[in-house]
Amino acid sequence: MLQLSNDEIVKGIRSRNKVVFEAVFKQFAPSMYNIAFRYVKDEDDANDMVQDVFLNLWKGAENLDERAPINHYLARATVNTCLNRIKKEQRKEVYAKEQLLTASPAETSHSKLEHKELEAQYRSALDKLPEQCRRVFEMSRLKGLSPAEIAEQLNISINTVYAHLTTALKKLRVVLINKE
């Protein structure tokens with residue numbers, strides 16, 4: 001594993017150096033996973049949190065503060081991502097409970113029908129993804145594998161995994177939004 005100083009890491013990430021990014025992922029992802037798991041208590045969600053933090057790090061690489069140690073930055077970003085997700089889930093639960101209390105039986109059966117239709121559209125959209133892209137997405141979302149595990153199993157770089165996930169999410173969003 002590369003032994004890099006904080007300055008070298010920040011400069012590498014800012015310049016979008018894939019080797020540095022992968023080294024940072026390999027070095028810090030396990031501790032970030034542990035932080036996330038303490039908050040969300042679910043392996044898949046914890047992996048998603050770590051993935052989200054690294055995706056945001058890649059997207060906002062030019063804004064990375066060189067004064068902050070990268071391990072502190074990643075730990076804080078992980079905590080914030082978890083807290084934001086928890087708050088979002090809590091809001092969803094409150095909304096869902098309110099909807100259940102105010103929904104009529106006819107609305108409830110209509111909602112189930114809509115859910116089945118949406119699920120069919122999702123499966124159809126998933127089938128339209130390129131083979132490798134679909135495989136990466138399913139390994140991540142359905143099997144709960146981390147990006148590092150996917151990269152290792154498919155013998156591709158971790159950045160390729162992130163690229164496939166981003167592509168899959170964009171295409172699924174477009175297909176599902178246009179269906180509504």
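**Figure 1. Leu 83 sits in helix α4, which covers residues 70–102.** This close-up comes from a predicted model, in which local features need pLDDT of at least 70 and side-chain atom pairs count only at pLDDT 80 or more, while totals for chains, interfaces and linings use all residues. Residues are numbered from 1 along each chain as its sequence is written, and side-chain values use heavy atoms, with hydrogens and water left out. Helices here are DSSP runs of H or I with at least four residues, strands are runs of E with at least two, and both are numbered from the N terminus. Leu 83 is partly exposed, at a relative accessible area of 34%; on this scale, buried means under 20%, exposed means over 50%, and partly exposed lies in between (1.4 Å probe, protein chains only). Look also for Arg 141: its C-alpha atom is 21 Å from that of Leu 83, with their places 58 residues apart along the chain.

**Figure 2. An overview of the protein chain shows 8 helices and 0 strands.** Along the sequence, the elements follow the pattern α-α-α-α-α-α-α-α. A box of roughly 60 × 35 × 25 Å, taken along the principal axes, holds the C-alpha atoms of the protein chain. Of the 180 residues in the protein chain, 32% are buried. Contact means heavy atoms within 4.5 Å. Among the contacts between residues at least 6 apart in sequence, 65% join residues at least 24 apart. The exposed area of the protein chain is about 11,600 Å², and carbon and sulfur atoms supply 52% of it. That area comes from the Shrake-Rupley method with a 1.4 Å probe; for residues, only the protein chains shown count as cover.

**Figure 3. Helix α1 (6–14) leads into a loop that holds Arg 16.** Which residues of α1 are buried? They are Ile 9, Val 10, Gly 12 and Ile 13. These residues share one side of α1 because they cover an arc of only 165° around the axis, where the arc is that of the directions from the helix axis to the C-beta atoms. As a reminder, an α-helix has 3.6 residues a turn, so residues three or four places apart point the same way. Just after α1, Arg 16 takes a positive phi of about 60°, although Arg 16 is not a glycine. The loop with Arg 16 runs between α1 and α2 (18–40), and Arg 16 is partly exposed there, with a relative accessible area of 31%.

**Figure 4. Lys 41 is found in the loop between α2 and α3.** Lys 41 is not a glycine, yet its phi is positive, at about 55°. Is Lys 41 buried or exposed? Lys 41 is exposed, with a relative accessible area of 59%.

**Figure 5. Asn 47 belongs to helix α3, which spans residues 43–59.** Asn 47 is buried, with a relative accessible area of 16%. Leaving out residues up to four places away in sequence, Asn 47 touches Tyr 33, Gly 144 and Ser 146. UniProt, in an unreviewed entry, places "domain: RNA polymerase sigma-70 region" at residues 25–91. Its positions are in the numbering used here, feature names are shortened, and annotations may be inferred rather than shown by experiment. Over residues 25–91, the chain is 82% helix and 0% strand, and the end C-alpha atoms are 31 Å apart.

**Figure 6. Helix α7 (residues 147–154) has buried residues Pro 147, Ile 150 and Ala 151.** They lie on the same side of α7 because their arc around the axis is only 100°. The face turned away from that buried side carries the exposed residues Glu 152 and Gln 153. Just after α7 comes Asn 155, with a positive phi of about 60°.

**Figure 7. Ile 150, in helix α7, is shown with its contacts.** Ile 150 counts as buried, at 0% relative accessibility. Which residues does Ile 150 contact, leaving aside its neighbours within four places in sequence? They are Val 136, Met 139, Ser 140, Leu 145 and Val 161. The C-alpha atoms of Ile 150 and Asn 47 are separated by 12 Å, and the two residues are 103 residues apart along the chain. For residues 121–172, UniProt gives the feature "domain: RNA polymerase sigma factor 70 region 4 type" (unreviewed entry). Over residues 121–172 the chain is 79% helix and 0% strand, with end C-alpha atoms 9 Å apart.
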